[in-house]
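Subject: Handing over a structure, with notes on what was found

Dear colleague,

I am passing on the structure below, followed by some notes that should help you find your way into it. Please keep it open while you read, so that you can look up each residue as it comes.

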Amino acid sequence: VGNVGYRGMLAIFVAICVVNGVYLVAKAKSVKIRVVYSVMMMLLLAGLLSVGGRAAILALLFAAVPWVAFGAKNFARFSVSPSRKLILALSLLLVFCVLSVAGKDSAIVHSMRRIGTDVSSSLRLSHYVTTVTMIRDHPLIGVGLGNYKFRYLDAQKKMKTESVFPEKYSRFIGKLPWTYSIWAHNEYLHFAAEFGLILLFSLLAIALFWLRSVFLRIRAFAPSCELMWGLSITVLFAISSLFERPFHHIDIMVWFALSCAVINKEVFGNAAVEPERVRKPKTAKKAPRRSLLLSVGQMCILAIIAAGTVLYVHGAYGQYHVRQAYNVMPKGEIPPSYDAAYEHLKSADTAVLVRDEVLRFRSYIDVPYYSSLHVARPSRERLRATWDAINRLYEYFKSHPTAENFFYLQKVAITYKRDDIFGRVISYLPEKPIM
């Protein structure tokens with residue numbers, strides 16, 4: 001079960017189930033149970049091919065490498081005749097599934113044929129080039145956590161209007177479509193854009209050092225099925241991160257943490273220690289006294305946890321009032337009343353974690369609120385208040401230039417004939433928009 005938002009993430013979750021099926025087949029005690037698990041795994045594989053998630057299928061192919069290496073190293077164990085028959089049956093079943101699902105009218109075949117020609121590919125390229133532009137502007141420390149979606153339009157505008165890349169790429173960049181995304185559709189590029197190259201390369205170096213330690217240790221003993229499962233899941237996420245955003249889903253993070261914990265247990269745990277080190281008698285040692293520095297560190301961690309809990313509870317309180325403000329918005333009333341919504345926003349503004357959401361809500365409803373007051377009883381002051389609300393909306397857009405805010409501000413500028421703001425807004429577009 002996972003947070004499936006679109007086909008790509010659905011394919012990744014199905015690929016996880018396929019890897020889990022391989023583990024169950026390898027750990028099954030009897031041939032009958034192994035056959036049942038094999039049929040279930042092949043049905044999942046057929047479903048994955050029918051979904052047509054190219055990134056998940058490519059990642060699953062790489063995830064099969066640890067199992068292939070495990071089978072090649074332990075093939076001598078399969079000396080019983082039923083096991084060999086089972087391997088042959090599984091191979092034939094796999095071929096049948098591939099041929100039956102990957103027909104000429106299947107989703108995966110259509111998906112493969114559209115590589116490089118469909119709209120999705122051009123949009124991905126536009127996301128990648130825009131992200132690279134963002135990284136070039138902030139290479140060391142990035143734009144900050146969560147600010148990718150707020151810097152996307154500015155980076156795309158710079159990519160389209162300024163000579164950011166060499167001249168030989170200008171024709172290619174000119175053909176890229178205008179688009180907007182809150183993700184880079186590549187976890188490594190997204191991480192580099194938000195946190196900078198220094199932190200990205202540091203984490204990659206730590207990951208490579210960890211993998212080196214793992215492979216150096218597994219050469220000394222026969223790897224277990226649990227270890228192969230952990231390596232397979234880790235490879236699956238590492239490859240799919242090149243094209244999707246698995247680490248932006250909390251359920252994927254749980255699977256990733258579990259796979260790393262299994263790898264560490266199998267490689268660095270007591271089961272993986274050399275026999276002579278296990279049998280070595282232990283000498284009695286005095287329990288070390290707790291140092292002052294350790295106690296201070298523990299108190300700091302507890303203080304951070306307590307402060308985080310308070311912020312979380314207060315944020316939940318503010319989010320409740322934001323949701324209530326949405327619920328009490330006027331729905332067709334004449335004249336519309338925004339007093340109840342403003343009362344909820346006033347209560348929500350006390351929570352630090354939702355102040356950005358409150359600012360966005362105020363920016364959205366200030367314009368119709370003051371406009372309704374001016375329509376009910378026209379006056380110069382209320383007209384001025386409406387124009388000031390539009391100016392505040394534009395200031396909010398400058399600090400939060402998302403596609404939703406872009407189109408809403410464009411609509412407001414046209415409705416209230418604010419040509420000055422309309423001209424600034426459409427400057428983010430490569431061409432004149434259709435009015």
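A salt bridge, as the term is used here, is a side-chain nitrogen of Lys or Arg that lies within 4 Å of a carboxyl oxygen of Asp or Glu. Please bear in mind that this is a predicted model. By the rule just given, the count comes to five salt bridges, and three of them are described below.

One of them joins D137 and K158, whose closest N and O atoms are 2.7 Å apart. This pair links distant parts of the chain, since D137 belongs to helix α6 (residues 119–137) and K158 to helix α7 (residues 148–161), with the two positions 21 residues apart in numbering. As for exposure, D137 is partly exposed, with a relative accessible area of 34%, and K158 is likewise partly exposed, at 26%.

Another salt bridge is formed by D366 and R392, where the closest N and O atoms are 3.4 Å apart. Here too the pair links distant parts of the chain, with D366 in helix α16 (residues 355–376) and R392 in helix α17 (residues 380–399), 26 residues apart. D366 counts as buried, because its relative accessibility is 9% and the cut-off for buried is under 20%, whereas R392 is partly exposed, with a relative accessible area of 40%.

The side chains of K265 and E266 also meet in a salt bridge, at 3.8 Å from N to O. In this pair K265 counts as exposed, at 55% relative accessibility, while E266 is buried, with a relative accessible area of 15%.

I would also draw your attention to helix α15 (residues 339–348), whose buried residues are A341, Y342, H344, L345 and A348. Why do they lie on the same side of α15? They cover an arc of only 160 degrees around the axis, and this puts them on the same side of the helix. In general, an α-helix has 3.6 residues a turn, so residues three or four places apart point the same way. On the other side of α15, E343 and K346 are exposed. What covers the buried residues of α15 includes α14 (292–327) and α16, and α16 is also the helix that holds D366 of the salt bridge with R392.

With best wishes

Note on methods: Residues numbered from 1 in each chain as written. Predicted model: local features only at pLDDT ≥ 70, side-chain atom pairs only at ≥ 80, totals over all residues. Heavy atoms only, no water. Helix = DSSP H or I, 4+ residues; strand = E, 2+ residues; numbered from the N terminus. Buried < 20%, exposed > 50% of the residue type's maximum accessible area, 1.4 Å probe, protein only. Arc of directions from axis to C-beta. Contact = heavy atoms within 4.5 Å.
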